[in-house]
Amino acid sequence: MERREYEYIRHGTQCLTANFEVATGAVISPTIAATRNETDFAEHIKRTIASGLPDDGWIFVLDGLNTHFSESLVRLVAEQEGAGPLDIDLGVKGKYGILENMETRRAFLTDPSHRVRFVYTPTHCSWLNQVEIWFSILSRRALKRASFRSVDELKTALCDFIVYFNRVLAKPFRWTYTGRPLTA
């Protein structure tokens, strides 16, 4: 077990939100920011969608984090589906309609007829999400035992690793789990 010396100084943290393109194994549209709230996440998704062609369909695989069912995300998807304020009544958060609660928002966000839709991993199964595997690679290869003198240095290291990974290491993951129950 490693320990930090008493002189250790924490220079700050950053939140990395990334998309893993399963067909190529590349990390696309990463967002590095100081916070990770519902507005940040909706902006990340909006920027990711804008990086593609206008008619591209998008399927995002996510875990059950509350920001992944947010009002901001529902409004973004409604906007992407071409629904203006008069086309669809989203309701009021906590009261009625699509925005009423997490279940109603989830039902809207997972609608298979949408051009932009979300698939959620079951509770305690985020390992099914391939971006989680990539985060493990990032942690082991770029962050473990690393020391950064500033937030900017951390951001640079993250960006450099993403560029390196996409250029040298990116390839689709090959699943080896057969789906058979594990035996003791």
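**Entry 1. Count.** I searched the whole structure, a predicted model, for salt bridges and found 3. I then took the pairs one at a time.

**Entry 2. Glu38 and Lys93.** I looked up the side chains of Glu38 and Lys93, which meet in a salt bridge at 3.9 Å, N to O. The cut-off is within 4 Å, so this pair counts. I checked where the partners sit: Glu38 is in helix α1, residues 38-50, and Lys93 is in the loop between α2 (71-80) and α3 (102-109). The two are 55 residues apart, and the pair links distant parts of the chain. For exposure, I noted a relative accessible area of 24% for Glu38, which is partly exposed. Lys93 is also partly exposed, at 42%.

**Entry 3. Arg75 and Glu71.** I read 3.0 Å, N to O, for the salt bridge between the side chains of Arg75 and Glu71. Both residues belong to helix α2, and they are 4 residues apart, so about one helical turn separates them. Arg75 has a relative accessible area of 41% and is partly exposed. Glu71 comes out at 22% relative accessibility, which I logged as partly exposed. Buried would need a value under 20%.

**Entry 4. Arg149 and Glu153.** I looked up the salt bridge of Arg149 with Glu153 and found the closest N and O atoms 3.5 Å apart. Arg149 has 67% relative accessibility; the cut-off for exposed is over 50%, so I entered Arg149 as exposed. Its partner Glu153 is partly exposed, with 25% relative accessibility.

**Entry 5. Background.** I added one general remark: side chains of opposite charge can pair when their charged atoms come close.

Key: Residues numbered from 1 in each chain as written. Predicted model: local features only at pLDDT ≥ 70, side-chain atom pairs only at ≥ 80, totals over all residues. Heavy atoms only, no water. Buried < 20%, exposed > 50% of the residue type's maximum accessible area, 1.4 Å probe, protein only.
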